[in-house]
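Visitor: Would you take me through this structure slowly, one topic at a time?

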Amino acid sequence: MSTATQARTSHTEIPRTTATAGSTGQVILRRAAGSLFVLWAAVTLTFFVLRLVPGDPVTTILGGHSAAPSAETVAAVEAQYGLDQPVLIQYVNYLAGLATGNFGTSYVFKVPVLDILGPQILPTFQLAGLALVFAWAIALAFTLLTVGRGRVLDGVGRGIEVFFAALPPFWVGIMLAVVFAVILGWFPVAGDDGFKSLVLPALALGIPLAGFIAQVTRSSFEEALAQPFVLSARARGLSDLAVRVGHALRHAILPGLTLSAWAVGSLVSSAVVAEIIFARPGLGRSLVDAIINRDLPITLAVVFIIATVYILVNLVVDVLYRVIDPRTNDKGAGA
Amino acid sequence: MTDYRPNNDGGGLASAVPAGSAGEANSLLNIEGLNVSFATPRGTVDVVKDVSLALAPGKALALVGESGSGKTVTARTLVGLNAANAKVTAGRLDVLGRNALKLSERQWRGLRGKDIGYVLQDALVSLDPLRTVGQEIDEALRAHGVRGKAARLERVHQALRDAGIPDPEVRAKQRSGELSGGLRQRALIAQATVLNPQLVIADEPTTALDATVQAQILELLAGLKEQGRGLVFISHDLAVVSHLADEIAVMQGGRIVESGRASEVLSNPRHEYTQALIDAIPSGTAKGRRLSAGTPVSVASLSGGPGRTTEFSETAPAIVARDLVKSYPGPGGTRRTVVEGVSFTLERGKTLGIVGESGSGKSTTARIALGLTQPDAGSVTLGGFAWSGTGTDQVSEEQRRRHRPDIQLVNQDPLSSFDPRFSVGRVITDALEAGSIGTAGDRTERAVTLLDQVGLPPSLFNRRPLTLSGGQRQRVAIARALALQPRVLLLDEPVSALDVSIQAQVLDLLADLQSQLGLSYLFISHDLGVIHHVSDDVLVMKDGKVVEAGTAADIFTNPQTDYTRQLLAAVPELPARKLAVKEAS
């Protein structure tokens, strides 16, 4: 590594001042510290913004406007949920609770938040994960099969990608449900009944995402195929497929990987569309319900979970990026 | 076949005999009437026309010619790796005794890497930057069914060792980006020759390498030849060719205009194009001899009109640099000294050549001379006034600014220093405007005059730099530098990216401009041949220090240090040129 840095600096003769990077372990540590800050910021922002939403939490707790509770009941509820204290104190109490894993009590269901959300987390992660797998599988299939295979295939691939990227997930969901569940009956129409019921909702989310990923992957794959090292590889006697899989693909997935980090975060929150169409349990659904019902503790907890997922996925992508492109480790190593 | 003139009166050479008689069983290449054309949306383009070649084992055939002459397409045809839209026809296309016109892709794959090794030009981009060189070599072994991980690893190490790479166990685990230029090129050769192919094709294997590294790579290739392999290599540099080739085929516009035994072609060229290529070689020729056939440019037309006032002294030297030191922070809190105690004087109207290999500190020295980098110690005067220094001699950028037009820069790659959306005319009028030279009305006229000065027609005024050839771009860069009526030009590797024949034209242009405008040149290059040709005085740099300084004649005929001698020994020269010099003296 030091030879590389020396060679590079002595060649360009420009001082390298970027003080980032270091070993993968260091990067993870630094990222973890930063992540705590991001989580704190997300929770804080959501906490105070939700207080600005019109409407009184006590009314929600007592079952809406029609309940018309007495002053004593209101006072009792306020005391029970700590709502009689100043907002700042409530905030500090909430943070303290978070630190011990206590997300508070749902206003609507009157039970601890985790009791409600706990069972929702896994289905959503399964859905988002499978959607991502589908998206990558479709994107890579298009890239490997159509890029650089003549003008017709190239054009067809490109066209389908744009079409996919332009599709709204809810429409894809309805179409898939009609064709594969109602007409053909291959998959269940709705519900949460094992892998089979996961396929259609995951496709609904994965197909538009595949369009986005494939567009990025296509252009970097095209670029990689034009590089001299590809010619070198072919001159070693490699088949076209071996060159594509062994060389070009590795270069091509890097930008798609960055895009995926963003995609996973948004998949968890946009999963609600698929969850509602296919009547599945999930975090997205819980979030929508909680917002409509002004169930602040649940809303906050979902935001917290999505932020955590987002951070973790970005960390994983960062590490993966270094595995795929070892040059990332060199950069700034000598600074 | 009218242009094909076999120059084989040297007699008795197997491979210069036009194909047909090469029924010999061991002929590696036997090609007659090869045509390659490309189908494009705008019609068919013929790139290779009626080319005939032959090659016997243990011989080296050089394809020579400038960019676009069809050398590379010819070479790729020999491994079946032309683009999909290429159409190959030939009277005869025998590669390793097999009819290549009838080979399927699968059969080609069996030959590539195993029987034919193909070495591309720039190892930095010709080896996968994400993989180790060991993996790249191993891939060739696996592709041809070599079994056993341990056995393959041993062969990987052996291939690296054969290519002259020390510590192959360590190097195999490094990526091309982690290796120096020379090791990288060796690794590239190793991955192409690990299976001991009978035929090795190398496309510009030494271009862009430092002279000493180039000499090592040429030696390595000569070693392959001695092992009995056939070598086809491409070069635009006849001096390089003369060291390796047994046969030469000179290509121009897709045709072979002359071919024959190397010594014959080089010492007794029959085609004017071959003669022009030989004349274009700058090495071993002192300043003053023209390298190209073009007529000298005349710059008399520019002398009139409102110019720029300057305080540039008519008596003091153009640049005096004293004891320059520059260091940068290195790893672990250390400091890396890039320039250490460098002093030089550039006399008015003369050329000072700075030569050194990558990392010798010549670019940093140039940046200090330009006033772009502040030295840690030392001082620079430009045309008699203080230009850069430290402590009490410190010169602020504000003080420097009004003198900036006096010194201008021409880079190696002008394209990256042009705004791609600007036209050629805009590139130059912009420079005029920045220097407040001329009035808004007459800047266009001035720009056309400047283009004329560098030998470009006015018709290029509205073209984009991207659509110009490398030589034309470099001329535009020179015109832009001249726009501010400078007294000193800093030329940083100005011809390193150009073909020899284009390089010759640009060097001639620079010589004309210097004699007519009285310009002083600070000329930086890694190419000793170029430095010898352009310089009055020479500075040899290594590791940030001046190793040797003196007049060009002294340095090149009577070098005082081992390092300079070593550099000079590595410069490839034409045997014919040596002969001619001897006769003249």
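The questions and answers below deal mainly with chain B and its parts.

Visitor: What kind of model is this, and how are its parts numbered?
Guide: This is a predicted model, in which local features need pLDDT of at least 70 and side-chain atom pairs count only at pLDDT 80 or more, while totals for chains, interfaces and linings use all residues. Residues are numbered from 1 along each chain as its sequence is written, and chains are lettered from A and ligands numbered from 1 in the order in which they are written.

Visitor: How many helices and strands are there in chain B?
Guide: Helices (H or I, at least four residues) and strands (E, at least two) are DSSP runs, numbered from the N terminus. Counted in this way, chain B has 21 helices and 22 strands.

Visitor: What percentage of the residues of chain B count as buried?
Guide: A residue is buried if 20 or more other C-beta atoms lie within 10 Å of its own, exposed if 12 or fewer, and partly exposed in between, with C-beta atoms placed from the backbone. Of the 585 residues of chain B, the share that counts as buried is 50%.

Visitor: Which helix gives the most to the side of chain B that touches chain A?
Guide: Two residues are in contact if their C-beta atoms, placed from the backbone, lie within 7 Å, and the contact between the chains takes 34 residues from chain B and 28 residues from chain A. At least two residues each come from several elements of chain B, among them helix H2 (105-111), helix H7 (181-193) and strand E13 (319-329). By class, this side of chain B divides into 15 nonpolar, 11 polar and 8 charged residues, where Ala, Val, Leu, Ile, Met, Phe, Trp, Tyr, Cys and Pro count as nonpolar, Asp, Glu, Lys and Arg as charged, and the others, Gly among them, as polar. The element that gives the most, with 3 residues, is H4(B).

Visitor: How is H4(B) oriented relative to H7(B)?
Guide: Axes are lines fitted to C-alpha atoms, for helices over the stretch in contact, and angles run from 0 to 180 degrees between N-to-C directions; the axes of H4(B) and H7(B) come within 8 Å and cross at roughly 20 degrees. Angles under 35 degrees count as roughly parallel, over 145 as roughly antiparallel, 65 to 115 as roughly perpendicular and the rest as oblique. The contact is made by Val133(B), Glu136(B), Ile137(B) and Ala140(B) of H4(B) with Ala187(B), Ala190(B) and Gln191(B) of H7(B). The angle therefore makes H4(B), relative to H7(B), roughly parallel.

Visitor: What is the handedness of the crossing of H8(B) and H20(B)?
Guide: The axes of helix H8 (residues 211-226) and helix H20 (residues 562-570) of chain B come within 8 Å and cross at roughly 50 degrees, which means that H8(B) is oblique to H20(B). A crossing is left-handed if the near helix is turned anticlockwise from the far one by less than a right angle, and right-handed if clockwise. For H8(B) and H20(B), the crossing is left-handed.

Visitor: Which strands stand at the edges of the open sheet with the order E14-E13-E16-E17 in chain B?
Guide: Two strands pair if DSSP finds at least two bridges between them, and in this open sheet of 4 strands the pairing is antiparallel. E13(B) and E14(B), for instance, are joined by 9 bridges. Each edge strand has a single partner strand, so one side of each is left without a neighbour in the sheet; these are strand E14 (335-346) and strand E17 (385-388) of chain B.

Visitor: What is the phi of Leu96(B)?
Guide: Most residues other than glycine have a negative phi. Leu96(B), in the loop between strand E6 (92-95) and strand E7 (98-99) of chain B, is partly exposed, with 18 other C-beta atoms within 10 Å. Its phi is positive, near 55 degrees.

Visitor: How far apart in space are Val547(B) and Thr561(B), C-alpha to C-alpha?
Guide: Val547(B) lies in strand E22 (residues 545-551) of chain B and is partly exposed, with 19 other C-beta atoms within 10 Å. Beyond residues up to four places away in sequence, Val547(B) touches several residues, including Thr561(B) and Tyr563(B). Val547(B) and Thr561(B) are 14 residues apart in sequence, and their C-alpha to C-alpha distance is 7.4 Å.
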